[in-house]
Amino acid sequence: MDLLRSTSAHVLVDSELFETASIDDDTEHHLRRVLRLRDGEQVSVTDGAGRWLVASVALSSSLRLERVGDIVIEPAPKHPFTVATAMPKGDRLDWLIQKATELGVDRVALLHAERSVVRWKPERVDTQLARLQRISDEACRQSRRVWRVEISAPVDVSTVVGEFAIAEPGGRRLQPADRQVAIGPEGGWTPAEVASGRDVVSLGSTILRTETAV
């Protein structure tokens, strides 16, 4: 992992491009024009499914990556951590996804709670999910993750709340064994939603914004 952290950049590519360390035009532009990498600098390349390798920058009329060394395989987390969350307004959802990715959350499950202010229209779900995945993937690159975050489309909280510990003031202290935690909307959970949760956990003595709680 020290080698992974020491490379000049971290690149996320589609699985079919991984073994040859091939990159698309947008990634080439970022490495060449934004990061201004020099010939011979090393970058890490991942497929977002646990595999990564080191490649060397080769500059000519274009920028290419030449694979260096063997493929490293990082096992999937034994106990993945899932946050289920109502969606906050404006760009706060973007911030939520970015920081959850950087901090190591494995899956973000989006919710429509009874008091949710933000609800996606069905025809916009695919577009919105793609946008959030791009934000998460950028955070993967920045934080040198080799496993992508799974972001799932919003569902009604009643369909999943029984699987999660509900974050609510007055609950028990959060424990390392809590691997599925649900965060409510700005107006808070309804009593029925809290009662339906698998358990109730506290994130501290203060009232947190949705994105902060996540």
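**A guided tour from Trp 120 to the largest pocket**

Select Trp 120 and display its surroundings: beyond the neighbours within four places in sequence, this residue is in contact with Met 87, Leu 93, Leu 110, His 112, Val 125, Gln 128, Leu 129, Leu 132 and Pro 154. The model on display is a predicted one. Trp 120 itself sits in the loop that runs between strand 6 (107-112) and helix 5. Is Trp 120 buried or exposed? Its relative accessibility is 10%, below the 20% limit, and therefore Trp 120 counts as buried.

Now add Met 87, one of the contacts of Trp 120. Trp 120 and Met 87 are separated by 33 residues in sequence, and their C-alpha atoms are 9.4 Å apart.

Next, follow helix 5 (125-143). Val 125, Gln 128, Leu 129 and Leu 132, which are among the contacts of Trp 120, fall within the range of this helix. Helix 5 also leads to the next stop, since it contributes five residues to the lining of the largest pocket, the most of any element.

Show the largest pocket, whose volume is about 550 Å³. Its lining comprises 24 residues, and those closest to its centre are Val 11, Leu 12, Thr 27, Glu 138 and Arg 141. Which elements should be coloured to see the lining, each supplying at least two of its residues? They are strand 1 (10-12), helix 2 (15-18), helix 3 (25-34) and helix 5.

Move then to Glu 193, in helix 6 (residues 191-196). With a relative accessible area of 7%, against a limit of 20%, Glu 193 is therefore buried. Display its contacts beyond four places in sequence: Ala 113, Glu 114, Val 157, Val 161 and Ile 166. For a distance check, select Ala 84 as well: Glu 193 and Ala 84 lie 109 residues apart along the chain, with 13 Å between their C-alpha atoms.

Finally, return to the whole chain. The protein has seven helices and 10 strands, and its C-alpha atoms fill a box of roughly 65 × 35 × 30 Å along the principal axes. Of its 214 residues, 44% count as buried. Among contacts with a separation of 6 or more, 68% join residues 24 or more positions apart. With the surface switched on, the accessible area comes to about 11,600 Å², 49% of it belonging to carbon and sulfur atoms. Colouring by charge brings up 28 positive and 32 negative charges, whose mean positions are 4 Å apart.

Methods. Residues are numbered from 1 along each chain as its sequence is written. This is a predicted model: local features need pLDDT of at least 70, side-chain atom pairs count only at pLDDT 80 or more; totals for chains, interfaces and linings use all residues. Side-chain values use heavy atoms; hydrogens and water are left out. Helices (H or I, at least four residues) and strands (E, at least two) are DSSP runs, numbered from the N terminus. Buried means under 20% relative accessible area, exposed over 50%, partly exposed in between (1.4 Å probe, protein chains only). Contact means heavy atoms within 4.5 Å. Accessible areas come from the Shrake-Rupley method with a 1.4 Å probe; for residues, only the protein chains shown count as cover. Lys and Arg count as positive and Asp and Glu as negative; His and the chain ends are not counted. The place of a charge is taken as NZ of Lys, CZ of Arg, CG of Asp or CD of Glu. On a 1 Å grid over the protein atoms alone, a cavity is a set of points where a 1.4 Å probe fits but cannot get out, and a pocket is an open set with protein on both sides within 12 Å along at least five of seven lines; lining residues have an atom within 4 Å of a point. Grid points are joined across faces, edges and corners, and a volume is the space filled by probe spheres set on the points.
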